[in-house]
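Here is a walk through one model, taken a region at a time. Have the structure open and follow along.

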Amino acid sequence: MQKLFEKNLNFFKTYLPDYFKLVTSIKERNYIIKNDNLYDRQGNKIYPNSITQDSKTIAKNPVRNPLWKRHFFIKPQKWDEKEFYATGKIINSFITDKDTYYFDESFLPTTVIFGLITGKFLEELKKYTFQSLFVYEPNPEFFAISLYFIDYEEIYKKYDKRFFLWVGGRIDYFAIEKFFFERVVSSSFVNLFYEAYSHPLIDDAKEKFLNIQASKLRGWGTFEDEIKGIKNHLKNINKYPLLNAPKKINVPFCIVANGKSLEKNMEFIKQNQDSMIIVSVGTAIKPLLRAGIESDFHFEQERIPILIDALKDVLPNYKGYFVGASVVNPKVFEMAKNPLMYIREAFSLEKGLPVLKGASPIVGNAGFAFCTNFTKEIYLCGMDLGFRLNEKKHAKGSFYDERDDVQTSGIKVKGNFSDDIYTDSLLLSSKRNIERMIKIHNLKVYNLSDGAFIEGSIPLKEKKLPKINKQKYIKEILSAFSKEKFQTQIPQISNLLKAIQKALQMQVKNQKELTGIIDFIEDMLKEYSKIDKNAYNLLRGSVFHILINFYAESFKGTKPKVKNLLLFDSFLKKLQ
């Protein structure tokens with residue numbers, strides 16, 4: 001045991017010095033190892049039986065072990081082939097009605113361990129191949145104790161980038177995101193969780209893992225969606241002034257979204273409408289106009305035809321500046337008095353164009369990204385990114401008045417002002433992207449919305465701002481838009497599709513090899529994005545959807561299977 005401890009200490013000193021310092025800085029010991037158990041200061045045994053016996057029990061067949069929890073994040077189901085004529089057809093070709101899953105005895109899916117104590121069970125688990133493994137130990141002393149029982153150098157060598165370790169303190173969102181985004185597809189099917197002991201920091205970590213996993217499955221898009229956007233873009237580009245050269249102006253901006261709390265925020269907006277640049281997004285335009293408030297800029301970015309119906313009775317009379325993504329239906333631009341345009345990020349034809357970074361996944365993100373280009377001071381109104389169960393999600397007087405707008409379930413999150421706020425995977429993804437933008441741009445963001453708490457923002461109920469010369473600053477914002485001629489090149493995707501087909505023709509013997517093929521295709525896609533980002537953006541969403549459904553489906557039955565997906569050829573016929 002002592003030799004292993006010293007080996008681990010030398011390993012961390014050489015490769016992860018922060019963990020070496022953490023272990024060597026522990027001065028007060030609260031636990032002692034003796035008689036194959038761990039004892040606290042009061043002499044209480046930590047393990048009910050013994051370290052060895054209990055560790056073997058914990059490590060025995062985790063997939064079916066009641067001490068472990070399994071979370072399925074996707075269950076394959078049939079797609080609408082009319083709307084998703086290529087993606088849906090491929091997925092439906094291999095979907096079955098089976099609902100039982102088989103796991104190889106030597107393979108474990110994405111695994112997350114909350115707490116180690118001694119960690120000997122992890123040493124027992126080394127006989128398995130992990131899709132990927134994340135270990136979080138909030139107590140530095142337990143980590144130090146684990147050095148007597150776990151050969152960390154061997155684990156790092158065996159799993160390399162598939163192994164993540166976080167020790168001490170509150171776990172960071174970005175560490176969890178890095179873990180999942182290292183292998184987006186194969187980590188999105190099913191996760192195994194083991195909780196060694198209860199602790200508030202572990203509760204916090206569990207919530208973050210589930211939230212990030214849920215949000216990770218959103219925003220992939222599909223080939224069919226991109227084609228709609230391409231058709232709209234080709235009609236719109238070079239027709240309207242394009243956001244091209246933004247510059248900082250020292251005035252506050254207010255983003256107005258259509259969350260339920262917009263009703264409460266109207267008074268703040270009225271009081272300060274001459275003190276800040278007001279940017280409305282999506283369906284917030286109608287409640288604002290009904291309240292006698294006209295935003296200075298209004299954002300839309302959806303490709304869907306329903307946008308025409310949502311705006312036809314308000315946009316033609318709107319006196320502010322309409323800012324639409326180039327993928328928006330051309331008829332929407334034609335309704336606007338003062339149309340402007342921007343390029344949405346991760347769009348298939350973005351190469352060589354000035355992209356508005358941070359504009360996904362929803363229009364609220366586009367409005368936020370727009371503001372970050374001009375200011376450091378932002379106020380959020382109606383940007384709820386969450387809801388209360390069994391209540392309307394959107395403000396009165398909007399497009400949602402006559403639609404089903406109530407949710408009875410969701411993901412519980414910390415509220416901006418209360419503890420009864422829930423969200424869904426799309427809004428969670430939007431929230432995370434806003435939080436990332438706040439951090440990257442070092443923004444001062446005041447959140448008046450009665451919804452989800454946004455990390456890095458300051459909850460605010462009311463404030464009176466000094467008046468500004470709005471027309472002067474609007475003129476400066478408008479100078480960031482210019483009308484230019486851009487050449488459009490349709491992405492060529494045949495070579496990438498052939499490479500994917502070739503990989504999927506490989507035969508596999510077990511789930512380890514299957515995972516390797518899926519990860520290889522994902523890595524190939526990521527590498528291809530450096531060569532041809534437009535082709536990558538066009539195909540990525542559908543390929544990810546196909547692969548994750550294919551991967552999950554391959555776990556059904558008694559052994560993994562890989563079919564030759566020749567239907568990828570159908571993509572080539574849809575670019576006409």
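In which loop does P361 lie? It's the one between β16 (355-356) and α15 (363-372). Bear in mind that this is a predicted model. The peptide bond joining S360 and P361 is cis, with omega at about 10 degrees.

**Backbone oddities**

For context, most residues other than glycine have a negative phi, and most peptide bonds are trans. Besides the cis bond between S360 and P361, there are two residues with a positive phi to look at. Here they are side by side:

| Residue | Phi | Loop | Relative accessibility |
|---|---|---|---|
| N61 | near 45 degrees | between α3 (51-59) and β3 | 33% |
| A346 | about 60 degrees | between β15 (339-344) and β16 | 32% |

Neither is a glycine. Since buried means under 20% and exposed over 50%, N61 at 33% counts as partly exposed, and so does A346 at 32%.

**The five-stranded sheet**

The loop that holds N61 leads to β3, so to speak, which brings us to an open sheet of five strands in the order β3-β9-β5-β7-β8, with mixed pairing. β3 (68-72) and β8 (163-167) are the edge strands, each pairing on one side only. On average, neighbouring strands here are turned by 15 degrees against each other, direction ignored. β3 and β9 (residues 190-195) run antiparallel and are joined by five bridges. If you want a landmark in that pairing, find K69: F193 in β9 stands opposite.

**The parallel run β12, β13 and β14**

Now move along to β13 (residues 297-300), which pairs with β14 in the parallel sense over four bridges. β12 (residues 277-281) also runs parallel to β13, joined by three bridges. H298 is a handy marker for both pairings: F322 in β14 stands opposite H298, and S280 also stands opposite H298 in β13.

What covers β13 is worth a look too. Side chains in a regular strand alternate between the two faces of the sheet. In β13, F297 and F299 sit on one side and H298 and E300 on the other, and all of them are buried, with both faces covered. As for β14 (residues 321-325), four of its five residues are buried, so the strand is largely enclosed by the rest of the structure.

**Helix α17**

How are the buried residues of α17 arranged around the axis? In this helix (residues 470-478), the buried ones are K470, Y473, I474 and I477. They cover an arc of only 105 degrees, which puts them on the same side of α17. That fits the general pattern: an α-helix has 3.6 residues a turn, so residues three or four places apart point the same way. Turned away from that buried side is a face with the exposed residues Q471 and K475.

I474 counts as buried because its relative accessibility is 6%, against a cut-off of under 20%. Its C-alpha atom is separated by 7.9 Å from that of D296, a residue 178 places apart from I474 along the chain.

**The second largest pocket**

Finally, there's the second largest pocket, with a volume of about 350 Å³. Of the 17 residues lining this pocket, the closest to its centre are Y173, K208, K431, E435 and E455. Helices α8 (173-182), α9 (200-216) and α16 (425-441) each supply at least two lining residues. What kind of residues make up the lining? They divide into eleven charged, five nonpolar and one polar.

Note on methods. Residues are numbered from 1 along each chain as its sequence is written. This is a predicted model: local features need pLDDT of at least 70, side-chain atom pairs count only at pLDDT 80 or more; totals for chains, interfaces and linings use all residues. Side-chain values use heavy atoms; hydrogens and water are left out. On a 1 Å grid over the protein atoms alone, a cavity is a set of points where a 1.4 Å probe fits but cannot get out, and a pocket is an open set with protein on both sides within 12 Å along at least five of seven lines; lining residues have an atom within 4 Å of a point. Grid points are joined across faces, edges and corners, and a volume is the space filled by probe spheres set on the points. Ala, Val, Leu, Ile, Met, Phe, Trp, Tyr, Cys and Pro count as nonpolar, Asp, Glu, Lys and Arg as charged, and the others, Gly among them, as polar. Two strands pair if DSSP finds at least two bridges between them. Axes are lines fitted to C-alpha atoms, for helices over the stretch in contact, and angles run from 0 to 180 degrees between N-to-C directions. Buried means under 20% relative accessible area, exposed over 50%, partly exposed in between (1.4 Å probe, protein chains only). The arc is that of the directions from the helix axis to the C-beta atoms.
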